[in-house]
Amino acid sequence: MINLTVTAVVFGVVFLAELPDKTALAGLVLGTRYRASYVFAGVAAAFAVHVALAVAAGSVLTLLPQQLVSAITGVLFLGGAAVLLFRKDEEEEEIRKPENQSFWKVSGAGFMLILVAEFGDLTQIMTANLAARYDDPLSVGLGAVLALWAVAGLGIVGGKALMKRVPLKLITRIAALLMLGLGVWSLWEAVTG
């Protein structure tokens, strides 16, 4: 049976911790480029995997080498920034057409980005700790996954709304710079951590 109090507490804690995280940015970037439902499907699946791992493994995830996770995340963000900065300019109208991207390609990209970037993340570790504290894996898992899905949804919808008001080229440049900054920061954590 699900304990709604535990679910609500976990939702609040995880939502607030994840809101300023790189996931909202990743969802926003993907949401400006692709069909929102496709992006959300991939991101939601990755978060479900992360929550299942956190709840099942508990604090074992905290033993993984954070430097390795930071290095991989940094390289992925730098690669994403390079792709955004150095790709050929395309017609905005062509980019906006969601039918140009298959469900599997878009959702797979969202899944892989979140799967790698969020591995060993603060919210995953928090979820593991909350699962151990409350000894209620179902309630903790439900609260955590709903919080992560809510943050991802806000990022994706925010990306679509932003695209209607700001030129895509500017959004792309800003996103690339943010990804570059996150990549450098992640690599710095890998080196100094």
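The exercises below work through a predicted model of a protein, each with a solution in steps.

**Exercise 1.** Determine how many helices and strands the protein has, and describe the pattern they follow along the sequence.

*Solution.* Begin by counting the elements, which gives nine helices and zero strands. Then read along the sequence, where the pattern is α-α-α-α-α-α-α-α-α. Finally, turn to the contacts between residues at least 6 apart in sequence, of which 94% join residues at least 24 apart.

**Exercise 2.** Decide whether Leu4 is buried or exposed, and find the surface patch that Leu4 helps to make.

*Solution.* First locate Leu4, which is found in helix α1, covering residues 4-18. Next compare its relative accessibility with the cut-off: exposed means over 50%, and because Leu4 has 66% relative accessibility, Leu4 counts as exposed. Last, look at its partners, since Ile2, Leu4 and Leu138 make a nonpolar surface patch of about 310 Å².

**Exercise 3.** Describe the largest nonpolar core, stating which residues have the most contacts inside it and which helix gives the most to it.

*Solution.* Start with the core itself, which has 26 residues, with Val10 and Val140 having the most contacts inside it. At least two residues of this core come from each of α1, α2 (22-33), α3 (36-57), α6 (103-117), α7 (122-134) and α8 (137-165). Among the helices, α8 gives the most, with eight residues. Then follow Val10, which, leaving aside neighbours within four places in sequence, is in contact with Leu130, Val140, Gly143 and Ala144. As background, nonpolar side chains tend to be buried together in soluble globular proteins. To place the core in the whole, note that buried residues make up 42% of the 193 residues in the protein.

Methods: Residues are numbered from 1 along each chain as its sequence is written. This is a predicted model: local features need pLDDT of at least 70, side-chain atom pairs count only at pLDDT 80 or more; totals for chains, interfaces and linings use all residues. Side-chain values use heavy atoms; hydrogens and water are left out. Helices (H or I, at least four residues) and strands (E, at least two) are DSSP runs, numbered from the N terminus. Buried means under 20% relative accessible area, exposed over 50%, partly exposed in between (1.4 Å probe, protein chains only). Contact means heavy atoms within 4.5 Å. Patches are made of residues with over 30% relative accessible area and no salt bridge: like charges are joined within 9 Å, nonpolar side chains (Val, Leu, Ile, Met, Phe, Trp, Tyr) within 5 Å. Accessible areas come from the Shrake-Rupley method with a 1.4 Å probe; for residues, only the protein chains shown count as cover. A salt bridge is a side-chain nitrogen of Lys or Arg within 4 Å of a carboxyl oxygen of Asp or Glu. A nonpolar core is a set of buried Ala, Val, Leu, Ile, Met, Phe, Trp, Tyr and Cys residues joined through side-chain atoms within 4.5 Å.
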